[in-house]
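Got your viewer open? Load the model, keep the selection box handy, and we'll go stop by stop.

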Amino acid sequence: MAGALSAMIAAAFSGSGGGGGGYTVIQTFTATSTWTCPTGVTEVEYLVVAGGAGGGYGQNGGGGGAGGYRAGTGLAVSTTGGDGNGNYTVTVGGGGAAGISAGVAGSNGQDSVFSSITALKGGGGGSETSGSGVGGNGTYRSEERRVGK
């Protein structure tokens, strides 16, 4: 199954009823799609999860690496951002395939992307007959974003 929970975007909207408060809308994407920024929304919270990797062949094959994730708040968006019309591409990374025969390692997953946020794929697991195979590449990226007055 490709990218079960790969991108979630939460945006706060102004309420138009008698309560006077805002409300939160959460959108979840399980396939590559487009998110359109609603009028009045200037920032979002996000959770972007990449595809995990496939495991290596055999009972002693290595497990595939988990897809990385990125989560945060205060990502600036606008009705003129993204493609210029407020449309932002959401790329959902699929999971990697398992090794299917002796000596075949699992394949890497795929990256998931929302706007400028990229979650990095998991690395494939080694096969039981590939000796001391090299594990898939793992990466880590940290970002601090301060939102203030």
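Begin with Ser112 and Val49: the Ser112 side chain reaches the backbone oxygen of Val49 at 2.8 Å. That pair fits the rule for a polar contact, namely N or O atoms within 3.5 Å where, within protein, one must be able to donate a hydrogen and the other to accept it, and residues adjacent in sequence count only if both atoms are side-chain atoms.

A quick word on what you're looking at. This is a predicted model, in which local features need pLDDT of at least 70 and side-chain atom pairs count only at pLDDT 80 or more, while totals for chains, interfaces and linings use all residues. Residues are numbered from 1 along each chain as its sequence is written, and side-chain values use heavy atoms, leaving out hydrogens and water.

Stay on Ser112 and switch on a surface. Buried or exposed? Ser112 counts as buried because its relative accessibility is 0%; the cut-offs are under 20% for buried, over 50% for exposed and partly exposed in between, with a 1.4 Å probe and protein chains only.

Now go to cartoon view. Ser112 lies in strand S7, and its bridge partner in S8 is Ala119. Strands here are DSSP E runs of at least two residues, and helices are H or I runs of at least four, numbered from the N terminus. Select 112–114 to light up S7, which pairs with S8 in the antiparallel sense over three bridges; DSSP must find at least two bridges for two strands to pair.

Zoom out to the sheet. Its four strands run in the order S3-S6-S7-S8, open and antiparallel. Colour S3 (33–36) and S8 to see the edges, as each pairs on one side only. From one strand to the next, the twist averages 20°, taken between N-to-C directions of lines fitted to C-alpha atoms, on a scale of 0 to 180 degrees.

Next stop, the largest nonpolar core: buried Ala, Val, Leu, Ile, Met, Phe, Trp, Tyr and Cys residues joined through side-chain atoms within 4.5 Å. Of its 16 residues, select Trp35, Val44, Val77 and Phe114, which touch the most other members. Strands S4 (43–49), S6 (87–91) and S8 (117–119) each supply at least two residues of this core, and S4 gives the largest share, three.

Last, show what surrounds Val77. Leaving aside residues up to four places away in sequence, Val77 touches Trp35, Cys37, Val41, Thr42, Glu43, Val44 and Tyr88, where contact means heavy atoms within 4.5 Å.
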